[in-house]
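User: Could you take me on a close look at one strand in this model and what surrounds it? I would like a connected account rather than a list.

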Amino acid sequence: MIFADPPYNLQLPKNKKLIRANGTEVIPVNDSWDHFESYDDYDSFSEKWLKECQRILKYTGTMWVMGMYHNIFRVGKIMQDLGLWFLNDVVWVKIDAMPNFNGRRFTNNHETLIWAVKNKNCKNYRFNHEFLKQMNGGAQMKDTDWIFPICRGKERLRDKNGIKLHPTQKPLKLIQQVLLTATKKGDLILDPFMGSGTTAVVAKALNRNWIGIDKEEKYVDLTNKRISLYT
Ligand SMILES: C[S@@+](CC[C@H](N)C(=O)[O-])C[C@H]1O[C@@H](n2cnc3c(N)ncnc32)[C@H](O)[C@@H]1O
């Protein structure tokens, strides 16, 4: 299985402060790994990594790609153009999502996960339908709205000054739901954008194998440190 939470390409205006309705400043995702010159630049980056993921994905494996309205439609189009076949899209409904900056527009309180297989001929892909049924009191688990809080409290990794160690750390419960849906004990999971190591932590806890990649050494160190706490 592949779980990918790629850069969002947020394209925030330079030198502009974002102030919440209550007057406090928003510290946005403003890291260099999220900067792209243009949509074309972002699309060509997306196509490259998606192609590689499609190449290595087994016919029995599935791929999950998550994103927000800034990027998920572009990424989804590229996936379909490459021949990846969509099984579902799942909406992560975020409890405690950050309100819209100026307090006027709708709160962006969800992210989308595209669930896909290598191509449209894949039939026997891993899907723990019976197990999910058990988790759901014997009834088919049908909902594509998954409601989980954002990563908060003690789960959110911070330095001694309270600064977030990773700007987009995802909640363990979200990744747990993905892994329980689409992997079994001993399966191998690739996360090509590992960040703070959330996928690795859940994989380890559920006895799955994992490979994580991140271009920032500090996040590789963070992941290694984080998983060492779970041995
Ligand atoms: C949205 S974050 C992933 C967050 C992660 N899911 C978590 O829970 O912490 C995207 C990550 O991709 C990494 N990244 C960006 N471009 C990359 C590239 N070309 N190759 C590998 N990693 C990259 C960034 O350093 C960042 O940590």
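The strand in question is β6, and I would like to know how it sits among its neighbours: is β6 largely enclosed or not?

Analyst: Happy to. Please keep in mind that this is a predicted model.

Let us begin with the setting. The chain has 6 helices and 9 strands. Its C-alpha atoms fill a box of roughly 50 × 40 × 35 Å along the principal axes. A compact globule of 231 residues would have a radius of gyration near 17 Å, and the chain, with 18 Å, agrees with that. Of the 231 residues, 31% are buried. If we take contacts between residues at least 6 apart in sequence, 67% of them join residues at least 24 apart.

Now to the strand itself. β6 covers residues 110-117, and 6 of its 8 residues are buried, so the strand is largely enclosed by the rest of the structure.

Two pairings of β6 are worth following. With β4, which spans residues 63-67, β6 pairs in the antiparallel sense over 5 bridges. Here Met-66 stands opposite Leu-113 of β6. With β5, the pairing is again antiparallel, and this one runs over 8 bridges. In that pair, Val-93 has His-110 of β6 as its bridge partner.

The link with β4 can also be seen from Trp-64. Leaving out residues up to four places away in sequence, Trp-64 touches Leu-113 and Trp-115, along with Ile-2, Phe-3, Ala-4 and Val-178. Trp-64 is also among the residues with the most contacts inside the largest nonpolar core, a group of 39 residues. The others named for their contacts there are Ile-2, Phe-3, Met-63, Val-65 and Met-79. Ile-2 and Phe-3 thus appear both in that list and among the contacts of Trp-64. As a general background, nonpolar side chains in soluble globular proteins tend to be buried together.

What happens at the two ends of the strand? On the way in, the loop between β5 (85-95) and β6 holds Asp-96. Asp-96 has a positive phi of about 70°, although it is not a glycine. Is Asp-96 buried or exposed? Asp-96 counts as exposed, because it has 11 C-beta neighbours inside 10 Å, and the cut-off for exposed is 12 or fewer.

On the way out, Tyr-125 lies in the loop between β6 and α3 (129-135). Tyr-125 counts as buried, because it has 20 C-beta neighbours inside 10 Å, where 20 or more is what the term requires. Beyond residues up to four places away in sequence, Tyr-125 touches Thr-60, Gly-61, Thr-62 and Val-117. As for a distant point of the chain, Tyr-125 and Asn-224 are 99 residues apart in sequence and 30 Å apart in space, C-alpha to C-alpha.

To put the pieces together: β6 is largely enclosed, with antiparallel pairings to β4 and to β5. The loop before β6 holds the exposed Asp-96, while the loop after β6 holds the buried Tyr-125.

Terms used:
Residues are numbered from 1 along each chain as its sequence is written. This is a predicted model: local features need pLDDT of at least 70, side-chain atom pairs count only at pLDDT 80 or more; totals for chains, interfaces and linings use all residues. A nonpolar core is a set of buried Ala, Val, Leu, Ile, Met, Phe, Trp, Tyr and Cys residues joined through C-beta atoms within 7 Å. Two residues are in contact if their C-beta atoms, placed from the backbone, lie within 7 Å. Helices (H or I, at least four residues) and strands (E, at least two) are DSSP runs, numbered from the N terminus. The radius of gyration is taken over C-alpha atoms; the globule rule is 2.2 Å times the number of residues to the power 0.38. Two strands pair if DSSP finds at least two bridges between them.
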